[in-house]
Amino acid sequence: MKYQKLAFVKSGSPKSEEAYNLLIDKYENHSIDEADVIVALGGDGFLLQTLHTYPHLKTPIFGMNRGTLGFLLNEYKEDVNLLGRINHSKDVHLCPISVDIEDVEGEHHHYKAYNEVSVIRYSGQSANLKIDVNGKTMLETLNADGVLVSTPAGSTAYNFSAHGPIIPLNANLLALTPVSPFRPRRWKGALLPDDVTIEITNLDPVKRPIGAAADSKEVKNVVKAKVWQDKGDLRHLLFDQDQSLEERILIEQFNV
C-alpha cells in the first residue's frame with residue numbers, strides 16, 4: 001500500500017473526540033512528521049485550520065466529517081478499513097491565494113487563504129473601494145458592504161452566499177464578488193484568470209474603515225489588500241472516489 005502511517009488530529013468537539021479515541025485504538029497514531037497521511041476529524045473549519053497549521057507540510061490530508069456540513073470532508077465511517085479506503089482515494093490539489101494587507105499604520109500582513117479573501121466594511125456606512133487588476137483600474141469606485149476574492153474550492157462557501165458563481169475545481173479561475181453592492185448597481189462581479197493580481201483599495205479609510213480576512217485571519221483598519229495565487233504552493237486533499245470534490249462542486253450548481 002502507498003499510504004501506511006496515519007496521524008490523527010481532532011477539532012475538540014465531542015464527536016471528534018469520540019472518533020479520535022476509537023481510531024487510535026484501531027490504528028497506530030504516528031507523529032505528523034513521520035505520517036504518510038493526516039486524518040483530520042472535525043468540520044470544514046477545522047480542515048482549513050489544519051491546512052494553515054502545517055503550511056509547509058506536503059503530506060496529504062484525508063478529512064472525515066465530525067462537524068456539520070462537511071463539504072471539504074469525507075463521510076465518517078467506523079466499520080470500514082480506513083487504510084484501504086485512503087489508498088483507493090482520489091488526490092485533489094488545492095492552491096491557496098496569497099494576500100498582502102496594508103493597514104493604516106503602514107504595516108503589511110501576509111496570509112494565505114484556501115477559501116477566500118474578503119474585504120468588509122467596519123462601520124455603519126458602506127465601503128468605498130477601488131478595484132485594480134494587473135495594475136489597471138477596473139472600477140474607480142465600488143460602493144458596497146465589501147468584496148471578496150474566492151478560489152474554486154471556496155466558491156461554494158461565502159462567495160456563493162454573496163451570489164457569486166460556483167467555479168469548477170480545474171477551471172483556473174478566481175471569483176471577484178461584491179457583497180451587497182450599491183454602486184455600480186448592476187455590477188455582479190467578475191470571473192478572472194487565476195494568474196492575475198487583484199488590488200482592493202479603501203478610498204476613505206478614516207470615515208469608512210474596513211477589515212480584510214484571509215479564511216480565519218483578520219486585519220482591521222485596512223488601506224489596501226493585494227491578492228494573487230501562488231501556483232507553486234499546492235496542498236493535497238484525499239477524497240473517496242465516489243465523493244470527489246470536483247463532483248461535489250458540479251452537483252452544487254444544480255442544487256436549488
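**Figure 1. A nonpolar core of 29 residues, the largest in this predicted model.** The residues with the most contacts inside this core are Val 119, Leu 129, Val 147, Val 149, Leu 176, Ile 198 and Ile 200. Plenty of strands chip in: strand 5 (97-103), strand 7 (116-121), strand 8 (127-133), strand 9 (136-150), strand 10 (173-183), strand 12 (198-202), strand 13 (210-214) and strand 15 (222-229) each bring at least two residues. Strand 9 gives the largest share of the core, with five residues.

**Figure 2. Leu 176 and the residues it touches.** Leaving aside residues up to four places away in sequence, Leu 176 is in contact with Ile 131, Val 147, Leu 148, Val 149, Trp 187, Gly 189, Ala 190, Leu 192 and Ile 198. Val 147, Val 149 and Ile 198 also turn up, along with Leu 176 itself, among the residues with the most contacts inside the largest core. Apart from that core lies another one, made of 25 residues, including Phe 46, Leu 72, Leu 94 and Leu 245.

**Figure 3. Helix 2 and what covers it.** Asp 44, Phe 46, Leu 47, Leu 48, Thr 50 and Leu 51 are the buried residues of this helix. Their cover includes strand 1 (6-10), strand 2 (37-42), strand 3 (61-65), strand 4 and strand 16 (235-239). One of these buried residues, Phe 46, also belongs to the core of 25 residues.

**Figure 4. The largest pocket, with a volume of about 280 Å³.** Its lining is made up of 18 residues, and His 93, Leu 94, Cys 95, Pro 152 and Leu 169 are the ones that lie nearest the centre. Strand 4 (residues 90-94) provides the largest share of the lining, three residues. Sorted by class, the lining comes out as 10 nonpolar, five polar and three charged residues. Leu 94 does double duty here: it lines the pocket and is also part of the core of 25 residues.

**Figure 5. The second largest pocket, at about 180 Å³.** Lining this one are Leu 51, His 52, Pro 55, His 56, Lys 58, His 110, Tyr 111, Lys 112, Tyr 114, Lys 217, Asp 233 and Arg 235. Two elements, helix 2 (44-53) and strand 6 (108-113), give two or more residues to the lining. The largest share, three residues, comes from strand 6. By class, the lining splits into four nonpolar, three polar and five charged residues. Leu 51, one of the lining residues, is also among the buried residues of helix 2.

**Figure 6. A salt bridge between Asp 233 and Lys 112.** The side chains meet at 3.3 Å, N to O. This pair links distant parts of the chain, 121 residues apart: Asp 233 sits in the loop between strand 15 and strand 16, while Lys 112 is in strand 6. Asp 233 counts as buried because its relative accessibility is 9%, under the 20% cut-off. Lys 112, at 25%, counts as partly exposed. Lys 58 joins in too, as salt bridges with shared partners tie Lys 58, Lys 112 and Asp 233 into one network. These three residues are also part of the lining of the second largest pocket.

**Figure 7. Two more of the nine salt bridges found in the whole structure.** Lys 231 and Asp 194 pair up through their side chains at 2.5 Å, N to O. Lys 231 is in the loop between strand 15 and strand 16 and Asp 194 is in the loop between strand 11 (190-193) and strand 12, so this bridge ties together parts 37 residues apart in sequence. Lys 231 is partly exposed, with a relative accessible area of 45%, whereas Asp 194 is buried at 9%. The other pair is Glu 17 and Lys 10, whose closest N and O atoms are 2.9 Å apart. Both partners are partly exposed: Glu 17 has a relative accessible area of 27%, and Lys 10 has 31%.

**Figure 8. Backbone oddities at Pro 184, Asp 215 and Asn 221.** Most residues other than glycine have a negative phi, and most peptide bonds are trans. Arg 183 and Pro 184, however, are joined by a cis peptide bond, with omega about -10°. Pro 184 is in the loop between strand 10 and strand 11. Asp 215 has a positive phi of about 55°; this residue is in the loop between strand 13 and strand 14 (217-219) and counts as buried at 16% relative accessibility. Asn 221, in the loop between strand 14 and strand 15, also has a positive phi, near 50°. At 37% relative accessibility, Asn 221 counts as partly exposed.

Technical notes
Residues numbered from 1 in each chain as written. Predicted model: local features only at pLDDT ≥ 70, side-chain atom pairs only at ≥ 80, totals over all residues. Heavy atoms only, no water. 1 Å grid on protein atoms, 1.4 Å probe; cavity = no way out; pocket = protein on both sides within 12 Å on 5 of 7 lines; lining within 4 Å. Points joined across faces, edges and corners; volume = space filled by probe spheres on them. Helix = DSSP H or I, 4+ residues; strand = E, 2+ residues; numbered from the N terminus. Nonpolar A, V, L, I, M, F, W, Y, C, P; charged D, E, K, R; others polar. Buried < 20%, exposed > 50% of the residue type's maximum accessible area, 1.4 Å probe, protein only. Contact = heavy atoms within 4.5 Å. Core = buried A, V, L, I, M, F, W, Y, C linked by side-chain atoms within 4.5 Å. Salt bridge = Lys/Arg side-chain N within 4 Å of Asp/Glu carboxyl O.
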